[in-house]
Amino acid sequence: MIDLRSDTVTKPTSGMMDAMMNAEVGDDVFGEDPTVNELEEKCARIFGMDGALFCPSGTMANQIGMAVLTQPYEEVICYEGSHIYKYEGGGLHGNSGLSVRLLKGDRGRITAHDVKKNINPDDQHFPTTSVVGLENTVNKGGGSYYNLKEIEEINEVARESGLKMHLDGARLFNALEETRDDPRDYGKMFETISICLSKGLGAPVGSVLMFDRPLKRSARRRRKTFGGAMRQAGFLAAAGIYALENHVKRLKEDHRRARELGSCLNALSWVEEVLPVDTNIVIFKLRPGMHSSEIVPELEDKGILSVAFGPDEIRLVTHLDYRDDDLEKTIDILKKFRR
Ligand SMILES: *Cc1c(COP(=O)(O)O)cnc(C)c1O
């Protein structure tokens, strides 16, 4: 079976397993796990930020970030398909009492102009706008990414209006491998940044939230109330350290394979349109009259696992366990697939 449902489906490599089995551990609730501490320091350093917190999931890292940046009744501005809004089970409302202002965005990328237009005036009728939430790369946008200038412009609007910025960087390293931007430039603009270790980087579990010094205590406190304070988590953190040291550069390979899948799909009669392939995500639209709820199981019968991304759209994601021979097999299956 060729599994292209997500870049979360990877299993640890043997090198990663060795790193995990040999990790030095302690009780991280007491702050005594040296491997967790090492991972957190490493991540903070990469982004030039003051602190970091190892979290069990990207959802938790995002939800902690949003919680520590806001007060109940405030409003967050984000893209309408953003993970923090659409795929975190209503956590912004449930965990932090927030309302959201949803923007359309170009393949998920919102603009400084649109942010500015959607900041509420200081009037008792309106919730106070307090945070801009960006996602990079954008999952719903087919792995699209921002360039630094676009984010700088949004940051300028945010600063003028006293808004804070959170970055959902689940796949930020995929963006950075393409743009070659310095992660420290991101660290300067955002109060909080989350990254996933368990996506393209190939760790089995874990995300990290980076932040500036004033948020250190509140972020740790929030992780506790969310039930995310772990004990000998160094076994998992070791996988994250290994991933950051060994699996960042190779993300380019995932992007190349995704592009090849994209061009293969573009030439097929049953495919209406393929979104531009910028990183490791391929989203394609089926010809009118075809439904992803039917095609996804048919592709599975032929040996390809994918996910429906809307009634007539399908998503494929390349990853660490998807190699060139898998790519050849996939292309072969897709070309023979007839409807
Ligand atoms: C996967 C993902 C997350 C985090 O998901 P978890 O499954 O909770 O780790 C956050 N944001 C985006 C854009 C994602 O793709």
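This report looks at the ligand site and the internal cavity of a predicted model.

## Around the ligand

Let's start with the ligand. Its shell is made up of Ser57, Gly58, Thr59, Asn62, His83, Glu135, Asp168, Ala170, Arg171, Cys196 and Lys199. By type, that gives five polar, four charged and two nonpolar residues. Helix α3, spanning residues 58–69, is the top contributor here, with three residues.

A few polar pairs are worth a look on screen. Asp168 brings a side-chain N or O atom to 2.6 Å from a nitrogen atom of the ligand. Ligand oxygen turns up in two others: a polar backbone atom of Gly58 sits 2.8 Å from an oxygen atom of the ligand, and a polar side-chain atom of Lys199 is 2.8 Å from a ligand oxygen atom. On its own the ligand has 380 Å² of accessible area, and the protein covers 82% of that.

## The cavity

Now for the empty space. Searching the whole structure for cavities of 30 Å³ or more turns up one. The largest cavity holds about 50 Å³.

Its lining consists of Gly169, Ala170, Arg171, Leu172, Phe173, Asn174, Ile195, Cys196, Lys199, Gly200, Leu201 and Leu251. Seven of these lining residues are nonpolar, three are polar and two are charged. Both α8 (172–179) and β7 (192–196) put in at least two residues, with α8 giving the largest share at three.

## Where the two meet

Which residues serve both sites? Ala170, Arg171, Cys196 and Lys199 appear in the ligand shell as well as in the lining of the largest cavity. Among them, Lys199 also makes the 2.8 Å side-chain approach to a ligand oxygen atom.

Terms used: Residues are numbered from 1 along each chain as its sequence is written. This is a predicted model: local features need pLDDT of at least 70, side-chain atom pairs count only at pLDDT 80 or more; totals for chains, interfaces and linings use all residues. Side-chain values use heavy atoms; hydrogens and water are left out. On a 1 Å grid over the protein atoms alone, a cavity is a set of points where a 1.4 Å probe fits but cannot get out, and a pocket is an open set with protein on both sides within 12 Å along at least five of seven lines; lining residues have an atom within 4 Å of a point. Grid points are joined across faces, edges and corners, and a volume is the space filled by probe spheres set on the points. Helices (H or I, at least four residues) and strands (E, at least two) are DSSP runs, numbered from the N terminus. Ala, Val, Leu, Ile, Met, Phe, Trp, Tyr, Cys and Pro count as nonpolar, Asp, Glu, Lys and Arg as charged, and the others, Gly among them, as polar. A residue is near a molecule or strand if one of its heavy atoms lies within 4 Å of it. A polar contact is a pair of N or O atoms within 3.5 Å; within protein, one must be able to donate a hydrogen and the other to accept it, and residues adjacent in sequence count only if both atoms are side-chain atoms. Accessible areas come from the Shrake-Rupley method with a 1.4 Å probe; for residues, only the protein chains shown count as cover.
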